[in-house]
Amino acid sequence: MTRPYKIPVSVLVVIHRLDGQVLLIERTRPAGFWQSVTGAIDYDDEPLEAAARREVAEETGITGGELVDWKLSNVYELYPMWQHRYAPGVTRNTEHVFGLTVPAGTAVTLCPREHGAWCWLPWREAADRCFSPSNAEAILQLPRFVNFV
């Protein structure tokens, strides 16, 4: 059975606490690639908010929290290592950015097929650790959307 091509529309969800800590997860392949939750929509008319909640639940086990559409999007060239997941000729992805506020102590349960480690970091350190420039930039936008306590 062949797997359908990914749709080049995705969500990026910056999971954070009100104290400015951001959750990062490390990809299993390639190791060392730290990121926020990301993922493509599953079908053409899947609402972006639904995709964001689904991806957060799949990748971290988190099902609650306050999800906010930051009304930011990024268009970027697909990484060559993941190009084969998309239809021939597709070279760019549009990523929509969300923030998810969760309380301290929120349990994290990773999908071991995709991610092998997680950590909470102060938002600037989290941005520095991200392998993706668009992910780092999204995290740096956090103070625009959240009043830290």
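**View 1. Arg 54 and Glu 58 share helix 1, where they stand four residues apart, about one turn of the helix.** Helices (H or I, at least four residues) and strands (E, at least two) are DSSP runs, numbered from the N terminus. The model is predicted: local features need pLDDT of at least 70 and side-chain atom pairs count only at pLDDT 80 or more, whereas totals for chains, interfaces and linings use all residues. Residues are numbered from 1 along each chain as its sequence is written, and side-chain values use heavy atoms, with hydrogens and water left out. Arg 54 and Glu 58 form a salt bridge, their closest N and O atoms being 3.5 Å apart; the term denotes a side-chain nitrogen of Lys or Arg within 4 Å of a carboxyl oxygen of Asp or Glu. Arg 54 counts as buried because its relative accessibility is 17%, while Glu 58, at 38%, counts as partly exposed. Buried means under 20% relative accessible area, exposed over 50%, and partly exposed in between (1.4 Å probe, protein chains only).

**View 2. Asp 42 forms a salt bridge with Arg 54.** The closest N and O atoms of this pair are 3.3 Å apart. The bridge links distant parts of the chain, 12 residues apart: Asp 42 lies in the loop between strand 4 (37-40) and helix 1 (48-60), and Arg 54 in helix 1. A network of salt bridges links Asp 42, Glu 46, Arg 54, Glu 55 and Glu 58. The whole structure holds seven salt bridges.

**View 3. Lys 71 occupies a place in strand 5 (residues 66-77).** Its phi is near 60 degrees, a positive value in a residue other than glycine. Lys 71 forms a salt bridge with Asp 69, with the closest N and O atoms 3.6 Å apart. Lys 71 is exposed at 69% relative accessibility, whereas Asp 69 is partly exposed at 32%.

**View 4. Trp 120, in strand 7, is in contact with Arg 17.** Contact means heavy atoms within 4.5 Å. Leaving aside neighbours within four places in sequence, the contacts of Trp 120 also include Ile 15, Val 22, Leu 23 and Val 102. Arg 17 lies in the loop between strand 1 (9-16) and strand 2, and its contacts, with the same neighbours left aside, include Val 102, Pro 103 and Ala 104. Both residues count as buried, Trp 120 at 18% relative accessibility and Arg 17 at 15%.

**View 5. A cis peptide bond joins Arg 29 and Pro 30.** Omega is about -10 degrees. Pro 30 is found in the loop between strand 2 (21-27) and strand 3 (34-35).
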